Number of protein chains: 2
Amino acid sequence: MTATTKSPWGIDRPIGVAVLGMGNVGTEVVRILREQPQDLQARVGAPVVLRGVAVRNVDIDRGVPAELLTTDAEALVARDDVDLVVELIGGIDLPRQLILAALNAGKSVVTANKALLAEYTGELAAAAENTRADLYFEAAVAGAIPVVRPLIQSLAGDRVDRVVGIVNGTTNYILSAMDETGADYAAALAEATRLGYAEADPTADVQGFDAASKAAILASLAFHTRVTAADVYREGISRITEEDLETASALDCTVKLLAICERVVGIPGEPLPEDGGKERVSVRVYPALIPRKHPLASVTGAFNAVVVEAQNAGRLMFYGQGAGGAPTASAVLGDLVMAARNKFYGGRAPGESVYAELPIAPIGDTPTRYHVNLQVEDRPGVLAKVAGEFAKHEVSISTVRQEGHGEGARLVVVTHHALESALAETVTALANMESVTSVTSVLRLEGTEE
Amino acid sequence: MTATTKSPWGIDRPIGVAVLGMGNVGTEVVRILREQPQDLQARVGAPVVLRGVAVRNVDIDRGVPAELLTTDAEALVARDDVDLVVELIGGIDLPRQLILAALNAGKSVVTANKALLAEYTGELAAAAENTRADLYFEAAVAGAIPVVRPLIQSLAGDRVDRVVGIVNGTTNYILSAMDETGADYAAALAEATRLGYAEADPTADVQGFDAASKAAILASLAFHTRVTAADVYREGISRITEEDLETASALDCTVKLLAICERVVGIPGEPLPEDGGKERVSVRVYPALIPRKHPLASVTGAFNAVVVEAQNAGRLMFYGQGAGGAPTASAVLGDLVMAARNKFYGGRAPGESVYAELPIAPIGDTPTRYHVNLQVEDRPGVLAKVAGEFAKHEVSISTVRQEGHGEGARLVVVTHHALESALAETVTALANMESVTSVTSVLRLEGTEE
């Protein structure tokens, strides 16, 4: 059934499409497939025909002819006249099984399923390779914003050093609201839920799971290394307080949930280890301070943006709507047109590229910068003692500010880059110091040159 | 010699590359080809071998083995072991002839030659189609920033309504400098020349020819319609004065040289004509006021950015370095890797898509907004007379501000959207009014919602 094994010119007949799932994105994809057949045909070179849509319940009126709807996704995927499968079900087990069935039959697949990809890209890509089918997933990261294709194709001849992105609209909406209105986390979350930016169960977003899946995908593409969600260090935003945002403002910073993928060798600003340092990949998701003048700082509300730093290209930024039915459908349709063209003309999308096989750096070995707020006893020598604790852990201090007097005396410390493990140990030690009443806030600082 | 006519699996041997031209970009491309063969091989799937570099003078030491250099570009392109040609000569006639020779022989071509593409894409694409070769040109627009590929591929299933970009670094450097330092045009140009941002003969940049070529390419891709440089209305920046920048600042705007590609039907905010209005494409390059809060306003110095507005994707922005040897080489290498993969695996890049064949709207039929500064006689009733002249041409006024007294009396008028022809006629009529001493500045206003 695969095209490319028959002729270099592909299959010379309408391209049949099956859509699995009809949520926000599926509904838009089905609408466009049905409303714009001429445009799609002109762009593909052959008619693109919707063969069927798999849904859980065929009795709901979806404005789609009943004969197109089916609950039997497996049978739909297996149909002889289906060449392309668009998977928009979500979840892991069922879509995994359906995508594998499609790929094993030589059918190309377009998916937006970041959670599945962050776990099983290796397996899916191998199945695609085996039958020379395509596996496209632009919509899995940052919705309509082309990030996957630029990383795979446009930067194919460059060396990417770092990818930093705001890739979750829910958390960005919440943090923007806290920054702009002074709301606390609970109030901002409630507002996001009311406006439909947060789901009823917001765990996947606010605990950073969604961003971690996307970070795994971005890192895999950027570094030609297989990175799964389990490799991603992850912290959510639920412990961010309005005081953290105030602290950020005082430093001319804001707080963003960042997905950070970077090559690490040693500590920035310090000499490399004697062996030259082995290059590793650090992939992490956490809320962090970034300077207001950083290009990501002005990305507010539910928008997404990804900054890519490459050796030759320099710093690139991609910005747009990271979620929503229509924007995500745009990304799905772009993939669908390309996959259909390949079916028709007999080409193939680039497969998985994991030749570099870089090891993953554990979070403890990753260089970061800390911003620490301490409540301290108002006694002479406290600053010296606190500074001594940093020095003991070989953490170099960038600035210390002493504020207030008496019971409200505070120290605000910003470090240079140091290993995360040393920073974490320093904070633990500080919390146990007699003259430190409490550690009121610890935030990482990203996006500085230093 | 073409791969795809032999087998769907492509040619199973090293991919031979010829580089034509060794300026800034060519030098970087050659360096990367020679220094990173393993990376390129891993990404292509086959070794990529530099067969030769065509230069005008082989006696200059370029750090490249002499046996790789030749002055005979034609013979190099024709070599049996050359599968891919990278054209970085510049100019029109010679590269056109060499690219056609390559494509006619079934060899794929990567070029950064915007001037050539803006004129001859139709001819080149037809030659590529004929032998099923690839024609890639990501580097022709906005250097390292992936814009061409997102328009062709990522948005293949969407409908693009507008593309607005800052696509010329030289003019953006000059206008940024005028905005930031208050320098006049001549001083800013001199500084740009000193720093290497402007060429000795800056005509192509400052008169907007370079941006117009890029606008033609962007419009062709965005609207699936063949647009050539001759279709682009063009004004350069050489008449922009420091007063224009001051005026802009007073309006909380800045001045940018914009490449604007948009679908036009009627006038924004006014009822459509009775026939529903025929959709046309407007492509134009001129300096214009844009609000400081517009995403393009913060693109300063030699940077480039392109905003794409699509029906489903919404507003996307791409930002980065639009010129320079290494960034442009990054785009060339990305194309080269994809073209080499296609040679090896037997795929093909999407060809030219011009099915929509939309007509081009002449500048007079394009809706724009004007900002007009008038020196007027300080007499009662002047404002009414001036306003009457706008009304006579059916141009609706958004704001009028009266400034100064006596000889320095000024009127600052900002219009709503109106047809460019009506606006231009209004300005001519104003210049001839007795009570108007002079029209001191006319600037278009872009990037407003209205």
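B:Glu357 counts as exposed at 64% relative accessibility, where exposed means over 50% relative accessible area, buried under 20% and partly exposed in between, with a 1.4 Å probe and protein chains only. The model is predicted: local features need pLDDT of at least 70, side-chain atom pairs count only at pLDDT 80 or more, and totals for chains, interfaces and linings use all residues. Residues are numbered from 1 along each chain as its sequence is written, chains are lettered from A and ligands numbered from 1 in the order in which they are written, and side-chain values use heavy atoms, without hydrogens and water.

Two residues of chain B have a positive phi without being glycine; they are set out below. Helices (H or I, at least four residues) and strands (E, at least two) are DSSP runs numbered from the N terminus.

| Residue | Phi | Loop of chain B | Relative accessible area |
|---|---|---|---|
| B:Arg132 | about 55° | between H5 (114-131) and E6 (135-136) | 6%, buried |
| B:Glu357 | near 45° | between H12 (325-345) and E13 (367-376) | 64%, exposed |

A positive phi, near 80°, is also found in chain A, at A:Gly106, which follows helix H4(A). This helix (residues 93-104) has twelve residues and reaches 16 Å from its first C-alpha to its last, close to the 16 Å expected at 1.5 Å a residue; the expected span is 1.5 Å times one less than the number of residues. Its buried residues include A:Pro95, A:Leu98 and A:Ile99. The buried residues of H4(A) pack against strands E1 (15-20), E4 (84-87) and E5 (108-111) and helices H3 (73-78) and H5 (114-131) of chain A, contact being heavy atoms within 4.5 Å.

An automatic or database domain assignment divides chain A into domain 1 (15-141 + 325-345), domain 2 (149-321) and domain 3 (367-445). The contact of domains 1 and 2 of chain A takes 15 residues from each. These two domains bury about 1100 Å² between them, 64% of it on carbon and sulfur atoms; buried area is the accessible area (1.4 Å probe) lost on being put together, summed over both parts. In domain 1 of chain A, A:Lys114, A:Ala118 and A:Val141 lose the most area to domain 2, together 44% of what that side buries. Three salt bridges are found across this interface, a salt bridge being a side-chain nitrogen of Lys or Arg within 4 Å of a carboxyl oxygen of Asp or Glu.

Chain B can be laid on chain A with an RMSD of 0.1 Å by a turn of 180° and a shift of 0.0 Å along the axis. The two copies are therefore related as by a two-fold rotation axis.

Definitions and conventions. Copies are superposed by least squares on the C-alpha atoms of residues with pLDDT of at least 70 in both.
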